[in-house]
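This report describes the sheets, the helices packed on them, and the charged and nonpolar side chains of one structure. Please read it alongside the sequence and the model shown here.

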Number of protein chains: 2
Amino acid sequence: MLFALDAMGGDFAPEAPCRGAILACNENPDLTVALIGIRDQIEPHLEKAPSDVRKRISIVEASEVIGMGDNPAASIRGKKNSSLRIAMEMVRSQEAVGCISAGNTGAIVAGGVLVVGRIKGIDRPGLAVPIPALERTSLLLDVGATVRCKAINLYQFARMGSIYMRALSGIEKPTVGLFANGSEDIKGDEDIKGAREMLTESDLNFHGLVEGKDVPLGRTDVVVCDGFTGNALIKFGEGIGVVVQTIIKEELEGRIIPKIGVALMMPSLKKIWARFEHEKNGGSPLLGVDGLVIKAHGNSKENAIAGALHVARNFAQLKGTDLIRASLD
Amino acid sequence: MLFALDAMGGDFAPEAPCRGAILACNENPDLTVALIGIRDQIEPHLEKAPSDVRKRISIVEASEVIGMGDNPAASIRGKKNSSLRIAMEMVRSQEAVGCISAGNTGAIVAGGVLVVGRIKGIDRPGLAVPIPALERTSLLLDVGATVRCKAINLYQFARMGSIYMRALSGIEKPTVGLFANGSEDIKGDEDIKGAREMLTESDLNFHGLVEGKDVPLGRTDVVVCDGFTGNALIKFGEGIGVVVQTIIKEELEGRIIPKIGVALMMPSLKKIWARFEHEKNGGSPLLGVDGLVIKAHGNSKENAIAGALHVARNFAQLKGTDLIRASLD
């Protein structure tokens, strides 16, 4: 299985994509990766790759780069030789099984829609992220592909999220929560109310409205929200993680007894921390496009890129795109 | 200073409001409280109050109660003898300096607008909550009064938040961040873009767009968002708190060494936890109404109600409503 990896996208490109590709190929003997980008910048990072891994990594030259601040649709349309656009085209032509990028989210979404194309019956794509919640791992979507959503978009996210979650977890009928500003039926705006009606009448396992605290608690298998809200929640959670780490560090500074305490707790702390570590789930599939497109976090280091390649490989093996397409026929 | 306290609002009413009133009056010799509600249900909870405190607590009979699931505007209009409506009317008539309720948020907002009335020049009110962030305490608004906002609403929240934050903190020109799905200028929907333009041209100390992680980090003194987003963030943060406590407890279950670790860390842990304890800031002023209205958390126990009374007293002493009114003239 060949995956097209945007070597120029993300805060630590091209080093992180190159090293991530080596890491993932090392772990999966069936994986082959095409690094798309500026050859001279990629090659130095591949020098230390073991020869059996190096054989499975190719380089596809791309002379342009889409930056984090570039206008999404304009750059995808205009920069025809950009690493991201070429990666997308390899998916469209089925040269690659899927593509992965840690670059400009808007451009990835625009590329998914404009280059790869939407699945018939889907109006807008949604980025889906697994959340390590208390009661279960929930799938949250959309986390940033479609900023504002109509009822139909939320309904389609619920449908796609259910299919993907069933494939991921084996749960026959995943429960679906629709995110709102409270769990009582009267909550939400007109679009949420509209989606709630559609979901109530659908064959999905609709749980009803869920609110902010239900997401970390893990009330449902799938949580559906607009991209603005999903993005806000994910980033807010990341910020809380940084704050907790910083405060603990400051608090322990120069104090012996609490430090001994931390040392004694370390195995437990590591276990707790592992639950929130997102590196293992380093990639979010862009559900609703007619091909496999994975968005990795902008600040992905090599482990997260390797994680995104694992997510891509898993999605391909599950035939995620085919499942969504089939369910809409 | 007499404050009207809705004795029937919140998950632990009437006990929590009654005990909260006793607690707050005990701490503040200048405080007098009118408990609004069903007399027979209130009196038993006042029996143990010290006599000098009991003298400062009166009961105002209200025969109706607005429930958590009641339609906000309809219940405020229809239930004329409800504890919440009577509390609001005491503010309008200036019989009370302000009112406090832990009841139905929508009904508190509707009552603020319909009974107390808006300040001239303000289209929609906003609930403001102090967030114990890393770099500073930030004021987040709106956390649920105005679910969806136009540019003008966000702009007015920024103005009111700045005034209140200056009064609270003494910072002459509080920095204002406008919440969006990213901090780059191109982020946000049309309303956020419109508000961004208005804020850029205003005399406020506008920092620009902020995103999810900036809120716990505390990038700005004031953070402005619509009520849907603010509600989502606050509740998501609460949920994470519950999850962390639960996981730590489960992880320590039956294990001696990590428990010793926790014991050694306890003074530090308590200090960390105190930063996030919202009981001290148990109330959010409803900014933009022409009188003092404080919304307490629905699950407020006595400490949180006492906290809300402190917030109310502080707001009255700062003359918060007058400051906002004056700035709009």
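In this predicted model, eleven strands of chain A form an open sheet in the order E3-E2-E1-E4-E11-E10-E5-E6-E9-E7-E8, and the pairing is mixed. Strand E3 (57-61) and strand E8 (205-210) of chain A stand at the edges, and because each has a single partner strand, one side of each is left without a neighbour in the sheet. On average, and with direction ignored, neighbouring strands of this sheet are turned by 25° against each other.

Within the sheet of chain A, strand E5 (residues 126-132) and strand E10 (residues 283-287) pair in the antiparallel sense over two bridges, and Leu127(A) has Leu286(A) in E10(A) as its bridge partner. Helix H5 (residues 83-92) of chain A packs on the sheet, where it touches strand E1 (2-6), strand E2 (32-37), E3, strand E4 (98-101) and strand E11 (292-296) of chain A, and the direction of this helix makes about 140° with that of E2(A). Helix H6 (residues 105-116) of chain A also packs on the sheet, touching E4, E5, E10 and E11 of chain A, with a direction that makes about 175° with that of E11(A).

Another helix of chain A, H7 (residues 151-169), holds Ser162(A), which counts as buried at 7% relative accessibility. Leaving aside residues up to four places away in sequence, Ser162(A) touches Pro174(A), Val176(A), Leu204(A) and Val222(A).

Chain B has an open sheet of eleven strands with mixed pairing, in the order E3-E2-E1-E4-E11-E10-E5-E6-E9-E7-E8. Its edge strands are strand E3 (57-61) and strand E8 (205-210) of chain B, each of which pairs on one side only, and the twist from one strand to the next averages 25°. Strand E7 (residues 175-179) of chain B pairs with E8(B) in the parallel sense over five bridges, and here Val176(B) stands opposite Phe206(B) in E8(B). Helix H1 (residues 15-27) of chain B lies across strand E1 (2-6), strand E2 (32-37) and E3 of chain B, and runs at about 175° to E2(B).

Turning to charged side chains, those of opposite charge can pair when their charged atoms come close. The structure holds 41 salt bridges over all chains, and the table sets out some of them.

| Salt bridge | N to O distance | Relative accessible area, acidic residue | Relative accessible area, basic residue |
|---|---|---|---|
| Asp52(A) and Arg56(A) | 4.0 Å | Asp52(A), 42% | Arg56(A), 16% |
| Asp214(A) and Arg219(A) | 3.2 Å | Asp214(A), 7% | Arg219(A), 34% |
| Glu211(B) and Lys213(B) | 2.7 Å | Glu211(B), 8% | Lys213(B), 28% |

In the pair from Asp52(A) to Arg56(A), the aspartate counts as partly exposed, whereas Arg56(A) is buried. Asp214(A), by contrast, is buried, and its partner Arg219(A) counts as partly exposed; likewise Glu211(B) is buried and Lys213(B) is partly exposed. Salt bridges also link residues of both chains into a network made of Arg148(A), Asp189(A), Asp226(A), Arg148(B), Asp189(B) and Asp226(B).

On the surface, Ile256(A), Ile257(A) and Ile260(A) make a nonpolar patch of about 300 Å². Ile256(A) lies in helix H11 (residues 256-276) of chain A, and with a relative accessible area of 60% this isoleucine is exposed, because it passes the cut-off of over 50%.

Note on methods:
Residues are numbered from 1 along each chain as its sequence is written. Chains are lettered from A and ligands numbered from 1 in the order in which they are written. This is a predicted model: local features need pLDDT of at least 70, side-chain atom pairs count only at pLDDT 80 or more; totals for chains, interfaces and linings use all residues. Side-chain values use heavy atoms; hydrogens and water are left out. A salt bridge is a side-chain nitrogen of Lys or Arg within 4 Å of a carboxyl oxygen of Asp or Glu. Buried means under 20% relative accessible area, exposed over 50%, partly exposed in between (1.4 Å probe, protein chains only). Patches are made of residues with over 30% relative accessible area and no salt bridge: like charges are joined within 9 Å, nonpolar side chains (Val, Leu, Ile, Met, Phe, Trp, Tyr) within 5 Å. Accessible areas come from the Shrake-Rupley method with a 1.4 Å probe; for residues, only the protein chains shown count as cover. Helices (H or I, at least four residues) and strands (E, at least two) are DSSP runs, numbered from the N terminus. Two strands pair if DSSP finds at least two bridges between them. Axes are lines fitted to C-alpha atoms, for helices over the stretch in contact, and angles run from 0 to 180 degrees between N-to-C directions. Contact means heavy atoms within 4.5 Å.
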